[in-house]
Amino acid sequence: MSEQHGTPNRNGGGHGLWIAVTAAVLLAAVISARPVAWARPSQAPDYQTVPTLTPTPRPPDPGQTPEPPASTNTPGPGQPSTATPAVTAPPPPLPPPGQTPVAPTVAAPARSVTPRTCLAVPTPGFAPVPLTTLTFEGLSDQFLVVPGQAISLRLVVTNTGKAPARNVLICSPLPPELVKGQPQASQGRARVDRLGLVAELGDLAPGKTAEVALTMTIPASYPLGGVIENQAWLFSGDQRGTTRLLTWALPPAWLPATGR
């Protein structure tokens with residue numbers, strides 16, 4: 001009895017070894033089936049890859065007509081092209097034999113310095129603009145004036161050239177406070193607009209002189225101590241000039257005491 005209990009059980013040891021081997025095989029299979037996250041940090045990539053799938057054309061649903069592919073306007077074999085050919089202008093006809101071709105002449109536009117609005121000119125007070133074959137003056141017999149007094153203005157133009165001065169035009173801005181009379185012109189016509197004097201004298205022959213006269217009244221309420229100015233413009237063909245600045249001075253509103 002004592003010998004039987006001391007003998008090891010061989011069948012029991014073999015069964016335990018078989019269980020250990022089976023567990024090791026299963027563990028190795030599980031490890032090989034896990035994703036890369038089971039790998040060591042030095043073996044795992046620092047990015048994640050996403051598989052790219054190529055889309056598979058889907059057949060049309062039953063009863064639905066498939067859409068035709070977009071046309072590229074490319075004709076098929078044996079078909080004529082539908083593209084619109086470029087249209088080119090025909091060349092100019094050749095001159096007859098022995099004749100020299102003449103280039104077409106284009107008339108140059110007429111040059112004019114006349115403003116669209118006659119009185120759209122700078123206000124008086126600038127240096128006079130000289131003329132070439134014309135002289136233009138602003139004249140008056142008065143210099144010191146008082147409120148309530150009438151002042152006279154004469155605008156005189158003379159043609160000193162050898163050719164006629166065409167379409168002589170005078171524009172003279174005037175102070176709106178003054179009461180204007182009816183202008184008189186030696187030729188052509190003159191009028192007073194809201195902003196000033198306009199005189200259309202027409203053509204002026206060589207050596208001839210034309211004149212426009214105007215009388216203006218200073219209102220009694222006109223402030224003292226001021227200066228009334230006038231500077232007129234003249235336009236004729238490609239010429240443009242002005243008169244010198246003409247002034248009328250009013251007495252000051254207060255005078256210092258004199259004598260005892």
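Student: Is Glu200 buried, partly exposed or exposed?
Tutor: This is a predicted model, and the value comes from its atoms. Buried means under 20% relative accessible area and exposed means over 50%, with partly exposed in between. Glu200 has a relative accessible area of 29%, so Glu200 is partly exposed.

Student: Which residue forms a salt bridge with Glu200?
Tutor: Glu200 lies in strand β7 and its partner in strand β6, so the pair ties together parts that are 11 residues apart in sequence. The closest N and O atoms of the pair are 2.8 Å apart. With a relative accessible area of 59%, the partner is exposed. That partner is Arg189.

Student: How many bridges join β6 and β7?
Tutor: Good follow-up! The two strands pair in the antiparallel sense. As one example of the pairing, Val192 has Leu197 in β7 as its bridge partner. The number of bridges between β6 and β7 is 4.

Student: Which strands are the edge strands of the open sheet?
Tutor: The sheet has 5 strands in the order β6-β7-β3-β10-β11, with antiparallel pairing. From one strand to the next, the twist averages 15°. An edge strand here pairs on one side only, and that holds for β6 (189-192) and β11 (239-242).

Student: Which residue forms a salt bridge with Arg166?
Tutor: Arg166 sits in strand β3, and the pair links it to a residue of strand β7, 37 residues apart. Arg166 counts as partly exposed at 46% relative accessibility, and the partner counts as partly exposed at 39%. Their closest N and O atoms are 3.0 Å apart, and the partner is Asp203.

Student: What distance separates the C-alpha atoms of Pro164 and Asp203?
Tutor: Pro164 is found in the loop between β2 and β3, and with a relative accessible area of 37% it is partly exposed. Beyond residues up to four places away in sequence, Pro164 touches Asn159, Leu204, Ala205 and Pro206. Pro164 and Asp203 are 39 residues apart along the chain, yet the separation of their C-alpha atoms is 6.5 Å.

Student: How many residues does the largest nonpolar core have?
Tutor: Several strands supply this core: β1 (134-139), β2, β3 (165-173), β7, β8 (209-217) and β12 each give two or more residues. Those with the most contacts inside the core include Phe136, Leu201 and Trp248. Among the residues that Leu201 touches, leaving out those up to four places away in sequence, are Val157, Ile170 and Val212. The size of the core is 30 residues.

Student: Is Thr243 buried or exposed?
Tutor: Thr243 lies in the loop between β11 and β12 (246-249). Leaving aside neighbours within four places in sequence, its contacts include Pro128, Phe136, Leu155 and Gln231. Its relative accessible area is 1% and the cut-off for buried is under 20%, so Thr243 is buried.

Student: Which side chain makes a polar contact with the side chain of Thr158?
Tutor: Thr158 belongs to strand β2 (residues 150-159). Its contacts outside four places in sequence include Thr133, Leu134, Leu204 and Lys208. The polar contact spans 2.9 Å, and the partner is Thr209.

Terms used. Residues numbered from 1 in each chain as written. Predicted model: local features only at pLDDT ≥ 70, side-chain atom pairs only at ≥ 80, totals over all residues. Heavy atoms only, no water. Pairing = 2+ DSSP bridges. Axes fitted to C-alpha atoms, helices over the stretch in contact; angles between N-to-C directions. Buried < 20%, exposed > 50% of the residue type's maximum accessible area, 1.4 Å probe, protein only. Contact = heavy atoms within 4.5 Å. Polar contact = N/O pair within 3.5 Å; in protein donor to acceptor, adjacent residues only side chain to side chain. Core = buried A, V, L, I, M, F, W, Y, C linked by side-chain atoms within 4.5 Å. Salt bridge = Lys/Arg side-chain N within 4 Å of Asp/Glu carboxyl O.
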